[in-house]
Protein chains: 2
Amino acid sequence: MPSLPIPTPRLFTFVGDTTGPWRVERAHCLAGDPLPAASRVSIVAGFIAQLPQGATWSLRGITSNERYVEQTEKAALVSKQQGLGRPTATRAALIPIRKKAAWWALPQDARREIFEARSRHIEIGLRYLPAVARRLHHCRDLGVDEPFDFLTWFEYAPGDAAAFEELLAALRSSAEWKYVDREMDIRLARATP
Amino acid sequence: MPSLPIPTPRLFTFVGDTTGPWRVERAHCLAGDPLPAASRVSIVAGFIAQLPQGATWSLRGITSNERYVEQTEKAALVSKQQGLGRPTATRAALIPIRKKAAWWALPQDARREIFEARSRHIEIGLRYLPAVARRLHHCRDLGVDEPFDFLTWFEYAPGDAAAFEELLAALRSSAEWKYVDREMDIRLARATP
């Protein structure tokens with residue numbers, strides 16, 4: 001019998017605020033409407049009922065099962081990846097994206113084909129493990145008014161910043177990214193107390 | 001260019017109540033904890049903030065993209081299926097299920113393999129189209145406290161009741177159903193005014 005996964009928090013809210021452990025170094029909008037400016041970002045377990053005083057935005061997502069990753073890929077990912085919160089990983093990125101309705105109307109095999117066979121999404125991610133740790137949050141099925149479909153949170157050491165840029169450039173030039181119609185890119189550094 | 005889908009409501013709440021357009025003919029629990037008894041069921045577009053007076057339960061779900069259906073299967077489904085609300089379809093079933101954590105921990109290809117190659121889930125459904133119309137609602141990613149993972153709503157004419165029993169029996173004897181750890185089966189008839 002495979003052992004069951006230990007329950008972990010699945011709901012997270014990212015808050016664009018004036019306080020918080022991550023300092024915004026730069027933020028830009030690649031497609032669609034931008035988010036309002038914020039100087040800090042916090043990550044809260046669970047959802048929040050209302051924005052804290054001074055905060056300008058919040059985005060919520062839920063970690064879920066994999067939608068495209070296959071057995072051998074999962075084994076490769078699990079063997080190479082490291083968790084969030086490594087003391088050396090003092091740089092982070094929050095990249096919220098939304099995909100066009102045409103993407104969601106595709107059947108599973110067509111989405112998988114674009115995702116991996118044509119875009120090499122998993123292979124690209126694997127190439128930068130364990131340097132770049134990531135956690136993917138799904139938003140689309142939380143409700144019908146979510147501003148993005150996915151929030152991806154990345155953490156890496158300053159020395160791996162160039163590798164992270166490569167990873168993003170590879171994904172953004174892929175066939176899959178032609179379906180992205182809203183994208184923000186927020187870069188952060190761990191705030192020193 | 002494929003045409004984009006017309007936006008339709010995606011969120012639905014099923015309410016076990018004392019009033020409503022569907023009369024409960026029988027309800028039984030096949031696995032896990034049962035739902036409280038109710039004499040009628042309503043289907044509300046959207047979510048509800050609180051239970052109506054006299055109601056005993058509510059279950060909410062969101063329609064979403066397909067997770068396992070492939071291109072040729074989707075074409076076959078679309079060509080054969082009919083919508084909900086046919087005047088002759090005066091019988092319905094609401095079948096909420098939850099799957100074990102072990103299911104969700106499987107990679108995509110292992111879930112697809114159990115779903116279709118071993119369990120013939122899509123083929124079984126196709127066999128009973130257009131007689132049995134269905135709508136699948138996802139609950140799992142609405143939050144972490146949802147009591148079920150899926151709510152499936154079926155509608156059929158009284159003359160197709162035996163075919164519907166066959167469909168359910170085929171699914172319940174499949175490899176996929178070994179992962180189901182909570183299941184209710186609520187049978188309904190359209191209430192005459």
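This is a short chat about a predicted model with chains A and B.

Visitor: What turn and shift lay chain B on chain A?
Guide: A turn of 180° with a shift of 0.0 Å along the axis, and the RMSD is 0.0 Å. The two copies are thus related as by a two-fold rotation axis.

Visitor: Which residue of chain B comes closest to the rotation axis?
Guide: B:Leu142, whose C-alpha is at 2.2 Å.

Visitor: And the contact, how many residues does it take from each chain?
Guide: Chain B gives 28 residues and chain A gives 28 residues.

Visitor: Which helices of chain B supply at least two residues each to the side that touches chain A?
Guide: α1 (71-80), α2 (101-104) and α3 (108-118). By class, that side of chain B has 15 nonpolar, six polar and seven charged residues.

Visitor: New topic. Which peptide bond in chain A is cis?
Guide: A cis bond joins A:Leu129 and A:Pro130, with omega about 0°. A:Pro130 sits in the loop between α4 (121-127) and β6 (133-138) of chain A.

Visitor: What about B:Leu129 to B:Pro130, cis or trans?
Guide: Cis, with omega near 0°. B:Pro130 lies in the loop between α4 (121-127) and β6 (133-138) of chain B.

Visitor: What is phi of A:Arg120?
Guide: About 55°, a positive value although A:Arg120 is not a glycine. A:Arg120 lies in the loop between α3 (108-118) and α4 of chain A.

Visitor: Why does A:Arg120 count as partly exposed?
Guide: Because A:Arg120 has 17 C-beta neighbours inside 10 Å, and partly exposed covers what falls between 12 or fewer (exposed) and 20 or more (buried).

Visitor: Where is B:Arg120?
Guide: In the loop between α3 and α4 of chain B. Phi of B:Arg120 is positive too, near 55°.

Definitions and conventions. Residues numbered from 1 in each chain as written. Chains lettered and ligands numbered in written order. Predicted model: local features only at pLDDT ≥ 70, side-chain atom pairs only at ≥ 80, totals over all residues. Least-squares fit on C-alpha atoms with pLDDT ≥ 70 in both. Contact = placed C-beta atoms within 7 Å. Helix = DSSP H or I, 4+ residues; strand = E, 2+ residues; numbered from the N terminus. Nonpolar A, V, L, I, M, F, W, Y, C, P; charged D, E, K, R; others polar.
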